[in-house]
Amino acid sequence: MNNALYLIDRLAKEHSLSLAEYQALIDALSPETASYAAQKARAVREAIYGRDVYIRGLIEISNICKNDCLYCGIRKSNTACERYRLSEEQILACCEEGYGLGFRTFVMQGGEDGYFTDDRLCGLISRIKERYPDCAVTLSLGERSRESYQRLYDAGADRYLLRHETADAVHYGKLHPQALTLEERMHCLRDLKEIGFQTGCGFMVASPFQTSAELAKDLKFIEEFRPDMCGIGPFIPHKDTPFADYEAGTLEMTCYLLSLVRLIHPPVLLPSTTALGTIDENGREKGILAGANVVMPNLSPTDVRHKYMLYNGKIATGTEAAEGLADLKTRMDAIGYKVVTARGDVKG
């Protein structure tokens, strides 16, 4: 057995490797190692979650953002971005439609938009939980104070997704304006976990200037932090950002890393992202076959989906949520997996 396969076997048993070993595994990506890691990851995933695929109803509440992250299409400096913000009535209507379709988790995602104060968000979360007490509310709204996170949790929010983007401070600085630091991002993640949220982190694959050493740090961070959720997607450039001409991440490396994350932390809720479906027609299915167990269909109003454009070519078909969900169920059935109606909380 070659060294990479030996390391994958060890990871499946011990859920831990050294930084150097993680880097060696990343550098050893090949069709053989990817296939072996995926096979191991599927076995681990199915032991905990069976072949169930959890669906989350994604509601992109605003593309207004105070930040200027260099890779992001809704960055403050992008004057070509057509801005919008959903009203509370629109958000509640998305939830109503989603509930009727079988969604039991709603994910409110957006830029860091100052309009959404703690008072506004807490009122909104309370109304969603009153109407749909059997549903989970996930937030992905960026960096906030610990006091803010506590208020959102007390209002009924269950989960919070805050991608760390990269676990290397120097690399973080190359992707973000000076005002944003990895130290603050990690501080927020620790606060979220201590408060009691099911907490999610995550990173981009092949973001500008990224090396295998930095990816190894991401894997080691996930091993140590033990997130409840982890969002991994390929970097895809946006035409109106400083990184417009940089190369996108690959399906192969992203799926390989999904498999490794599943082996590192078996209970993790692991989405097969829209970005995967953007770079490959069957990308979301390939993510599930690599060990993922969550997909996030879009419940946002069809007339704003094309405006929430974090990167070029994002899937925004304009199909109604019902059509999109029916297509997703067909696609998952075809690979032997089953979309289920459940909150889909982390197990173990």
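**Entry 1: strand S4**

How many of the five residues of S4 are buried? I looked this up and found that five of the five are, so S4 is largely enclosed by the rest of the structure. Buried here means under 20% relative accessible area, exposed means over 50%, and partly exposed is in between (1.4 Å probe, protein chains only). My element names come from DSSP runs, with helices (H or I) of at least four residues and strands (E) of at least two, numbered from the N terminus.

A note on the ground rules: this is a predicted model, where local features need pLDDT of at least 70 and side-chain atom pairs count only at pLDDT 80 or more, while totals for chains, interfaces and linings use all residues. Residues are numbered from 1 along each chain as its sequence is written, and side-chain values use heavy atoms, with hydrogens and water left out.

Back to S4, I checked its two faces. Ala136, Thr138 and Ser140 lie on one side, Val137 and Leu139 on the other, and all are buried. S4 runs parallel to S3, and five bridges join the two. I picked out one of them: Val107 has Thr138 in S4 as its bridge partner.

**Entry 2: a sheet of three strands**

Next I turned to an open sheet with the order S8-S1-S9 and parallel pairing. For strands to pair, DSSP has to find at least two bridges between them. Strand S8 (294-295) and strand S9 (338-340) stand at the edges with a single partner strand each, so one side of each is left without a neighbour in the sheet. Strand S1 (residues 52-55) is joined to S9 by three bridges. Following Asp52 across, I found Lys338 as its bridge partner in S9.

**Entry 3: salt bridges**

I counted 24 salt bridges in the structure, taking each as a side-chain nitrogen of Lys or Arg within 4 Å of a carboxyl oxygen of Asp or Glu.

I started with Arg85 and Asp113, whose side chains meet at 2.8 Å, N to O. Arg85 lies in the loop between strand S2 (57-62) and helix H4 (88-101), and Asp113 in the loop between strand S3 (105-110) and helix H5 (118-131), so the pair ties together parts that are 28 residues apart in sequence. Arg85 is partly exposed at 36% relative accessible area, whereas Asp113 is buried at 7%.

Then I looked at Arg104, which forms a salt bridge with Asp134, their closest N and O atoms being 3.4 Å apart. This pair also links distant parts of the chain, with Arg104 in the loop between H4 and S3 and Asp134 in the loop between H5 and strand S4 (136-140), 30 residues apart. Here Arg104 is the buried partner, with a relative accessible area of 15%, and Asp134 is partly exposed at 35%.

I also noted Lys286 with Asp280, where the closest N and O atoms are 3.2 Å apart. Lys286 counts as partly exposed, at 34% relative accessibility. Which residues do salt bridges with shared partners join into one network? I found Lys129, Asp158, Arg159, Arg343 and Asp345.

**Entry 4: the second largest pocket**

I put its volume at about 210 Å³. Of the 14 lining residues, the closest to the centre are Ala34, Ser35, Ala38, Glu252 and Cys255. Helix H3 (31-49), helix H10 (251-264) and helix H12 (283-289) are the elements that give two or more residues to the lining.

For the terms: on a 1 Å grid over the protein atoms alone, a pocket is an open set of points where a 1.4 Å probe fits, with protein on both sides within 12 Å along at least five of seven lines, and lining residues have an atom within 4 Å of a point. Grid points are joined across faces, edges and corners, and the volume is the space filled by probe spheres set on the points.

By class, I got nine nonpolar, two polar and three charged residues in the lining. Ala, Val, Leu, Ile, Met, Phe, Trp, Tyr, Cys and Pro count as nonpolar, Asp, Glu, Lys and Arg as charged, and the others, Gly among them, as polar.

**Entry 5: two backbone angles and one arginine**

Most residues other than glycine have a negative phi. I therefore flagged Ala206, with a positive phi of about 70°, in the loop between strand S6 (198-205) and helix H9 (212-225). Ala206 is partly exposed, at 29% relative accessible area. Phe209 lies in the loop between S6 and H9 too, and has a positive phi of about 75°. Phe209 is partly exposed at 39%.

Last, I checked Arg10 in helix H1 (residues 3-14). Arg10 counts as buried, at 18% relative accessibility. Leaving aside neighbours within four places in sequence, Arg10 is in contact (heavy atoms within 4.5 Å) with His15, Ser16, Leu17 and Glu21.
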